[in-house]
Amino acid sequence: MAAVDNAPPAPVVTVTSTRTVAPAAAKCVLATFDLPYITFYYNQKLLLYRLPNGASDFPDAVARMSASLSDALAFFYPLAGRIRQDDHDGSLTIHGQHGAEVIEASADHVSVDQLAGEECSEEAEKVMQLLVPYTGVMNLEGLNRPLLAVQLTRLRDGVAVGCAFNHAVLDGTSTWHFMTSWAELCRGGGAPSLLPVHNRGMARSVRVNLPLPASAEAHEKTDPNGPKVPLVARVFSFPPSAVARAKAAANAALPPGAKPFSSFQSLAAHIWRAVSRARALGPSDITVFAVFADCRARLSPPLPPAYFGNLIQAVFTGVPAGMLLAGPPELAAGLLQKAIDDHDAAAITRRLEEYEAAPKLFHYSDAGPNCVAVGSSPRFRVYDVDFGFGRPERVRSGANNKFDGMVYLYPGRGGDGGIDVELSLQPEPMQRLDKDQDFLQMRAP
């Protein structure tokens with residue numbers, strides 16, 4: 001008779017171990033596109049809002065904006081980190097979830113109208129510079145400081161929202177993507193309608209060993225052109241009719257079949273010529289125009305608009321001032337159009353490879369003494385940043401990253417094709433520009 005096997009059956013599933021897995025620590029490697037901006041300064045933006053019930057609405061506005069900022073940083077997590085340099089290969093990365101800095105301030109005797117009017121007084125300009133944080137702070141300091149700082153200032157009848165973004169982390173497209181998303185969350189949205197794309201390896205996966213200066217001061221002392229010169233900043237508003245006239249003038253003599261000049265190229269040419277006159281340049285003096293071009297759609301394959309980081313490169317063109325001023329408007333517009341059109345995927349890659357082979361820490365003066373440079377874009381929907389109490393009354397830049405000839409372009413608040421030109425020049429050329437009839441007449445409604 002066979003023996004009976006009374007052993008229990010083997011289990012179908014055997015648990016061999018148990019552990020808890022936490023989310024990976026937030027980490028983002030800065031791409032080659034990001035690195036040139038490490039010795040620029042925090043990018044500052046100022047948005048002025050009226051509050052329905054004036055200053056009494058300020059506490060509630062601060063509470064809602066602070067809570068939604070926390071939500072926004074969960075989606076745009078690089079802005080909550082700090083920059084670190086890898087000990088092994090010298091590359092720069094963003095680590096951690098340390099958070100952004102939020103500052104509350106008050107300017108109860110200042111009204112929105114004093115700051116948002118077409119013609120701001122010199123005193124109002126000084127006040128506006130006090131409404132944005134991190135003035136004079138280099139992006140290099142992101143190794144020790146927050147990468148985003150926000151100052152919420154109570155005004156007599158509204159709130160000033162001043163932001164400082166580390167420019168080594170993001171460009172203008174990503175800045176306004178963040179701002180519109182933050183505002184969307186503040187209005188009660190559960191998630192941004194356009195989620196950011198954080199894979200910077202899509203743009204460039206090369207890790208660059210970038211030797212950093214000991215401090216911002218040490219870097220500025222190496223500028224071969226010496227200390228910065230005094231500047232005057234002004235905003236010149238071009239209504240839609242003025243933009244249309246500049247475009248018509250640039251396109252008036254184009255031969256049949258030629259590619260027409262855009263509104264940007266036409267207005268930029270008008271500004272370039274006017275600034276060159278105001279500087280009283282000699283006929284043989286070379287003047288340079290630089291455009292910080294968005295490369296997202298220029299790469300092959302193109303990257304999505306939601307790519308979060310820097311994807312811009314400076315595109316340059318130059319000409320003797322005598323030729324620029326003696327020629328018709330289409331000469332300047334044509335130089336800009338060609339430089340922009342020629343900056344294709346191959347040109348972008350060559351620029352990246354050159355930088356990777358010989359990394360450089362830049363100064364503003366590297367662009368030359370007679371440069372006009374355009375940052376920002378009238379395509380940015382800056383007046384759509386609504387936190388729940390309406391559109392901003394005015395959008396401006398802070399004092400950082402302004403050098404002789406720097407231009408920031410913003411759409412007019414009306415949304416009808418007007419463009420605001422924020423221009424920085426030395427005092428004497430700015431006085432001449434204020435008396436330049438060709439420049440002023442083009443601005444007339």
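I began with Arg296 and Asp171, which form a salt bridge in this predicted model. I read 2.9 Å between their closest N and O atoms.

Next I looked up where the domains run. The domain assignment puts domain 1 at 14-218 and domain 2 at 226-443. I noted that their centres, taken over C-alpha atoms, are 24 Å apart.

I then turned to the interface between them. How many residues of each domain are in contact with the other? I found 77 residues on the side of domain 1 and 53 on the side of domain 2.

For the area buried between domain 1 and domain 2 I wrote down about 5400 Å². Carbon and sulfur atoms give 60% of that area. I also checked which three residues of domain 1 supply more of its buried area against domain 2 than any other three. They are Phe33, Tyr49 and Trp176, with 14%.

I went on to the polar side of the interface. The rule finds four salt bridges across the interface of domain 1 and domain 2. I counted 34 residue pairs in polar contact across that interface, both residues at pLDDT 80 or more.

Last, I listed the elements of domain 1 that touch domain 2. Strand S2 (43-50) and the helices H1 (58-75), H2 (112-116), H3 (122-129) and H4 (172-186) each supply at least two residues to that side. Which of them gives the most? I have H4 down for 11 residues, the most of any. By class, I recorded 49 nonpolar, 17 polar and 11 charged residues on the side of domain 1 that touches domain 2.

Notes
Residues numbered from 1 in each chain as written. Predicted model: local features only at pLDDT ≥ 70, side-chain atom pairs only at ≥ 80, totals over all residues. Heavy atoms only, no water. Domains from an automatic or database assignment. Contact = heavy atoms within 4.5 Å. Buried area = accessible area lost by both parts, 1.4 Å probe. Salt bridge = Lys/Arg side-chain N within 4 Å of Asp/Glu carboxyl O. Polar contact = N/O pair within 3.5 Å; in protein donor to acceptor, adjacent residues only side chain to side chain. Helix = DSSP H or I, 4+ residues; strand = E, 2+ residues; numbered from the N terminus. Nonpolar A, V, L, I, M, F, W, Y, C, P; charged D, E, K, R; others polar.
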